[in-house]
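Colleague: I would like to learn how to read helices, pockets and cavities in a model, one feature at a time. Could we go through them slowly, with the structure in view?

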Amino acid sequence: MTTTEGRPQGQASLLPYGAPYLIGDPSSARRDLTELRRALAHAGVVAEAAVARPAGRAGTIARRALGRGARLLVAVGDDRIAHALVAALVGPEGPREPDAVLGLVGLGRQNLAATFGLPDEPERAARHLLGPNLFLADVGRARWHGPDGGSERIGVFGNCVELGYPAEVSSRLPRTAWAGRFGRLAAAVGGLAATRSTPARLALERGAVDFRLAGMVVANGQFTMSRMKVAPRALPDDGRMSVIAFEGRPLTIYSRSKELYYGEHIPHPAIREYQSQRVEVATAEPLTIALDGCRVPGEPPLTVDVLAKVLRVKV
C-alpha cells in the first residue's frame, strides 16, 4: 500500500473528514456497533450509527447520510455493506462525492477490509477511523447482459467481480455465516450443485484464450469467498485487475480450498493468472455473476475495466 493522502496536523487532525457515520449489517446490531461507538467515544468522538435491515438498504442509508452532510461513511460488517457504500460513493463515471471517504470495519466478515490489513476488533478498528491517513484506491467497473439477454447492465465494485462457482459461493455466504465452518461448507456445496463448467473465451489487453471455465475472479482486492486469498498479487491502486481463471470443473476449485485460503494455489496448470486493465469474457452457457459477493441479475458476456484511484479509503 503506497498511495496515501495526508493533511497537516492541528486541531482538526482527529476528525479531518468529519465524524464517522457507521452503517452496519444486521449481525453487528447486537454488540459490534455498540463496542465500536464506545471505542470512538473514549477518543472523544460521537458517531452516528444505523443498521441496514435488510442489508440491501445500506445504499439508501448511505445516500441519506451523504445528503445530510456526512463525509466519512463506515461499512461495519460483511461485503454487502461495503459494496453498497462503494456504489454510493463512486458511480460508473467516477466519484459521486469527491470529498467523501470510506471506512472499513470488517469484523471478520468482510473481504475488502482484509486487503487493506485493517483490524477486525472494534477497539483497534476505531483508531483507523481517526486522523488523516487515506488510501486512494481503484474501483472496478463491470458491464454484463441483463436476464434473458436483455439490455446492458453496469455496476461498480471495490473488491472483485466473480463468475461461476466463486460467485455462487460468495453470494450464499451471508445467508450461512451464522453457522460458522458448517455454514461455509454449506455455501461451497450449494455452489458446486448450482455450477457447471462451460467453454469460454477470455480477452485481455494482450490477446485472448479459449478454455473450459469453471469459475473466475476479476480482483481489485486479494480476498474473497470468506477471506480466501484467491488473488494474492492483486493491488488496489495499480490501475489493473488481477484475473484468476479456473479451468476444468467446479469441484477442482473446491478441492484446492486449503491452498486458496493461504494464496498457495498459484502457480497451477489448471489456474490461469493475468493482470490487465480491461477484461472481457464470453461463455457458451450462462454463469452467475456477483459484484463484491452480491449476486446480480444477468449473465455474460462480462466486461470489466478500471476507474483509477477514485475511492478514498480511511486507513
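Colleague: Let me begin with a single residue: in which helix does Glu259 lie?

Modeller: Before answering, I should say that this is a predicted model. Glu259 lies in helix H9, and if we leave aside its neighbours within four places in sequence, Glu259 is in contact with Glu264 and His265. A residue can also be related to another that is distant along the chain: Glu259 and Met228 are 31 residues apart in sequence, and their C-alpha atoms are separated by 8.7 Å.

Colleague: Why is Glu259 called partly exposed?

Modeller: The term rests on the relative accessible area, with partly exposed covering the range between under 20% for buried and over 50% for exposed. Glu259 is called partly exposed because its relative accessible area is 30%.

Colleague: How should I read a pair of helices, and at what angle do the axes of H6 and H7 cross?

Modeller: For a helix pair, one looks at the distance between the axes, the angle and the residues that meet. Here the axes of helix H6, residues 165-176, and helix H7, residues 180-194, come within 8 Å and cross at roughly 145 degrees, and the crossing in which H6 passes H7 is right-handed. On the side of H6 the contact includes Tyr165, Glu168 and Arg172, while on the side of H7 it includes Gly180, Arg184 and Leu192. By class, the residues of this contact of H6 with H7 divide into eight nonpolar, five polar and three charged.

Colleague: How can empty space be found in a model, and what volume does the largest pocket have?

Modeller: Rolling a probe the size of a water molecule over the atoms shows where empty space is left. In this structure the largest pocket has a volume of about 520 Å³, and 26 residues line it, with Asp78, Arg109, Leu173, Pro174 and Ala177 lying nearest its centre. Helix H3 (79-89), H6 and H7 each supply at least two residues of that lining, and H6 gives the most, with five residues. The lining of the largest pocket has six nonpolar, 11 polar and nine charged residues.

Colleague: Which element gives the most to the lining of the second largest pocket?

Modeller: That element is H7, with five residues, although H6, helix H8 (250-255) and helix H9 (257-262) also each supply at least two residues. The second largest pocket holds about 350 Å³ of space, and among the residues nearest its centre are Arg184, Met228 and Tyr261. Its lining has 12 nonpolar, two polar and two charged residues.

Colleague: How many cavities of 30 Å³ or more are there?

Modeller: A cavity differs from a pocket in that the probe fits there but cannot get out. The count comes to two cavities of 30 Å³ or more, and about 40 Å³ of space lies in the largest cavity. Residues including Leu102, Phe116, Asp138 and Val313 line the largest cavity, and the elements giving two or more residues to this lining are strand E7 (101-105), strand E8 (134-145) and strand E18 (299-314). The lining of the largest cavity divides into eight nonpolar, two polar and one charged.

Colleague: Which residues line the second largest cavity?

Modeller: The second largest cavity, with about 30 Å³ of space, is lined by Phe246, Glu247, Thr252, Ile253, Arg256, Ala270 and Ile271. Strand E13 (241-247) and H8 are the elements that give two or more residues to this lining.

Definitions and conventions. Residues are numbered from 1 along each chain as its sequence is written. This is a predicted model: local features need pLDDT of at least 70, side-chain atom pairs count only at pLDDT 80 or more; totals for chains, interfaces and linings use all residues. Side-chain values use heavy atoms; hydrogens and water are left out. Axes are lines fitted to C-alpha atoms, for helices over the stretch in contact, and angles run from 0 to 180 degrees between N-to-C directions. Helices (H or I, at least four residues) and strands (E, at least two) are DSSP runs, numbered from the N terminus. A crossing is left-handed if the near helix is turned anticlockwise from the far one by less than a right angle, and right-handed if clockwise. Contact means heavy atoms within 4.5 Å. Ala, Val, Leu, Ile, Met, Phe, Trp, Tyr, Cys and Pro count as nonpolar, Asp, Glu, Lys and Arg as charged, and the others, Gly among them, as polar. On a 1 Å grid over the protein atoms alone, a cavity is a set of points where a 1.4 Å probe fits but cannot get out, and a pocket is an open set with protein on both sides within 12 Å along at least five of seven lines; lining residues have an atom within 4 Å of a point. Grid points are joined across faces, edges and corners, and a volume is the space filled by probe spheres set on the points. Buried means under 20% relative accessible area, exposed over 50%, partly exposed in between (1.4 Å probe, protein chains only).
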